[in-house]
Amino acid sequence: MFPVHGRCQFTFDNNIIIIDALGPWNLEFFEILHSNLLRIVQENFKDKAYGIVVILKGETLATQEGLNYHLYRVKQGNAKAIAINMIHSSFALTTQIQFEAVYNKAELKNKFFRDTSMAKQWIEDVLHSL
């Protein structure tokens, strides 16, 4: 096991989980991320539709091993959509390509933004359309 690369914080806004994530990220980061996310979902969103907004910061690159694990866990999740704010990403285009591929393979509705309020509004629109 390697030291965790990257860190994140979770907050809530109604039926939106907001994840503030600082990269780069390795497998150990994604293991902790999904463990914490699962706990948050079970405690707060058990019978509710919810979406996720992720605010990416710093060197937003992930190892392939981490992305593979992320894909596996996203496929198991029940979020309705994910919106990613790329405004603070040092590698926005590369990161978008990496994560868009993960979410498309997992069949999770996704969209990339450069503004958190627009990302939240898109998630709210998705949730209201259900």
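**Two cores and a one-sided helix**

The largest nonpolar core here has 32 residues, and Ile17, Ile19 and Ile52 make the most contacts inside it. A nonpolar core is a set of buried Ala, Val, Leu, Ile, Met, Phe, Trp, Tyr and Cys residues joined through side-chain atoms within 4.5 Å; buried means under 20% relative accessible area, exposed over 50%, partly exposed in between (1.4 Å probe, protein chains only). Keep in mind that this is a predicted model: local features need pLDDT of at least 70, side-chain atom pairs count only at pLDDT 80 or more, and totals for chains, interfaces and linings use all residues. Residues are numbered from 1 along each chain as its sequence is written, and side-chain values use heavy atoms, leaving out hydrogens and water.

Now take Ile52. Setting aside neighbours within four places in sequence, Ile52 is in contact (heavy atoms within 4.5 Å) with Ile17, Ile19, Leu37, Ala79, Ala81, Ile82, Ala83 and Ile123. Apart from that core lies another, of 12 residues, including Ile55, Ala83, Phe113 and Ala119.

On to helix H4, residues 116-128 (helices, H or I of at least four residues, and strands, E of at least two, are DSSP runs numbered from the N terminus). Its buried residues are Ala119, Trp122, Ile123, Val126 and Leu127. They cover an arc of only 135° around the axis, so they sit on the same side of H4; the arc is that of the directions from the helix axis to the C-beta atoms. That buried set packs against E2, E3, E4 and strand E5 (109-113). On the other side of H4, Met118 and His128 are exposed.
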